[in-house]
Amino acid sequence: MTVNLTKSRLDVHRSGIAWRYIRASMSLTGFLPPLCDDGQMLVDGGYLNNLPADVMRAHSGAKHIIAVDVGRSDEIEDMDYGDSVSGWYVLWRSILPFGKPLRVPTLAEIQSRLAYVASVSQLDMVKELPGCIYMRPPVEAYETLDFHRAAEIVEVGYQYARECIEEWRAEGRLADILGKDDDGGGQRKLAGPVGSTTDLAGMRHRASTRVERLSRRLSF
C-alpha cells in the first residue's frame, strides 16, 4: 500500500515489480524521495493507513487475520520550547554542565507522529474487525529509524508472540484463533510464525538475518 501524492489517494498494489512498490511503501518523507510510477509520486501508505487489516480482508478473502501494531503509542511527551527554536540555544543548553537540555522533536519523531495521527481512527476500527486478532508487541522504546537495533526488535517480537501463543493455548483458545478446516475437522495450519514454536524460531532467524542485511545496506 502507498499514498499516491499525485492523485491524493491510497493505492493498493497487487501486480507489478515487487521491489518498486515495497520501496515506495517504505518511503518516509524527508528521508527518501517519493517513488515515481508512471509519473505519479508514491510514498509510505502508513501516512493514511498504518495497519491495513481491512484491506487484507477485502482483497484476500482471509477469514482470520493477525494484525501486529508496531506504531508509536498514543501518548507523547509534553514539550515547551516556545514560539521559535534557535539552534545555537539548543546547543548551548546541551553542553552546559548543570543545565537541562532543551527537548525538541526530531524530524523522525515528527514524521512518525504524523503517520500515527492519520491512522488512529483506523486502529480503532481494526481492533473491532471481526475475525481480526490485534497484537501490539512492546516496541515503544524503539524509534522508526533504529535500523541498527533490528535484531533486538526481532527478538522482542519473537518473545511477545511466544507469550501470546502460550496464553491462547492455556486458555483453550488457540484452535479458535487459528481457525478450523471447512469440514470442521482438525486445526487449520497457517503459513508463518503462528504454526508452532519451531516454525516461529525459524521465522525469527530468517527475519533477523534479513534485517541485519538491510541495516548494512541502509547504513551510510
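Helices and strands are here DSSP runs, numbered from the N terminus. The structure is a predicted model. Two of its loops hold residues with an unusual sign of phi for their type. Ser-8 lies in the loop between β1 (2-4) and β2 (9-11), and its phi is near 55 degrees, a positive value in a residue other than glycine. With a relative accessibility of 67%, Ser-8 counts as exposed. Asp-38, in the loop between β3 (35-37) and β4 (40-44), is likewise not a glycine and has a positive phi of about 55 degrees. The relative accessible area of Asp-38 is 77%, so this residue is exposed as well.

Strand β5 covers residues 65-68, and its side chains alternate. Ile-65 and Ala-67 point to one face and are buried, whereas Ile-66 and Val-68 point to the other face and are not buried. Strand β6 (residues 132-135) runs parallel to β5, and 4 bridges join the two. Across this pairing, Cys-132 of β6 is the bridge partner of Ile-65.

Ile-65, Ala-67 and Cys-132 also belong to the largest nonpolar core, which has 9 residues in all. The other members are Leu-51, Ala-53, Tyr-116, Leu-123, Val-126 and Leu-129. Two or more residues of this core come from each of β5 and α4 (107-127), and α4 gives the largest share, 3 residues. In soluble globular proteins, nonpolar side chains tend to be buried together.

Nonpolar side chains are found on the surface too. Trp-88, Leu-91, Trp-92 and Ile-95 form a nonpolar patch there, with about 540 Å² of accessible area together. Leu-91 has its place in helix α3 (residues 87-95). This leucine counts as partly exposed because its relative accessibility is 43%.

Helix α5 (residues 150-171) has 22 residues, which at 1.5 Å a residue should span 32 Å. The C-alpha atoms at its ends are 32 Å apart, in agreement with that value. Buried residues in α5 include Ala-150, Val-154, Tyr-158, Ala-161, Ile-165 and Trp-168. An α-helix has 3.6 residues a turn, so residues three or four places apart point the same way. Val-156, Tyr-160 and Cys-164 of α5 are buried too. The helix is followed by Gly-172, whose phi is positive, near 75 degrees.

A search of the whole structure finds 8 salt bridges. In one of them, the side chains of Arg-136 and Asp-69 meet at 2.9 Å, N to O. Arg-136 lies in the loop between β6 and α5 and Asp-69 in the loop between β5 and α3, so this pair ties together parts that are 67 residues apart in sequence. Asp-69 is buried, with a relative accessible area of 3%, while Arg-136, at 21%, is partly exposed. For Arg-136 the class follows from the cut-off, because buried means under 20% relative accessible area.

Arg-136 forms a further salt bridge with Glu-140, in which the closest N and O atoms are 3.4 Å apart. Glu-140 is partly exposed, at 38% relative accessibility. Asp-69, Arg-136 and Glu-140 are thus linked in a network of salt bridges. Another salt bridge joins Glu-171 and Arg-173, with 3.0 Å between the closest N and O atoms. Both of its residues are partly exposed: Glu-171 has a relative accessible area of 45%, and Arg-173 has a relative accessibility of 36%.

Notes:
Residues are numbered from 1 along each chain as its sequence is written. This is a predicted model: local features need pLDDT of at least 70, side-chain atom pairs count only at pLDDT 80 or more; totals for chains, interfaces and linings use all residues. Side-chain values use heavy atoms; hydrogens and water are left out. Buried means under 20% relative accessible area, exposed over 50%, partly exposed in between (1.4 Å probe, protein chains only). Two strands pair if DSSP finds at least two bridges between them. Patches are made of residues with over 30% relative accessible area and no salt bridge: like charges are joined within 9 Å, nonpolar side chains (Val, Leu, Ile, Met, Phe, Trp, Tyr) within 5 Å. Accessible areas come from the Shrake-Rupley method with a 1.4 Å probe; for residues, only the protein chains shown count as cover. A salt bridge is a side-chain nitrogen of Lys or Arg within 4 Å of a carboxyl oxygen of Asp or Glu. The expected span of a helix is 1.5 Å times one less than its number of residues. A nonpolar core is a set of buried Ala, Val, Leu, Ile, Met, Phe, Trp, Tyr and Cys residues joined through side-chain atoms within 4.5 Å.
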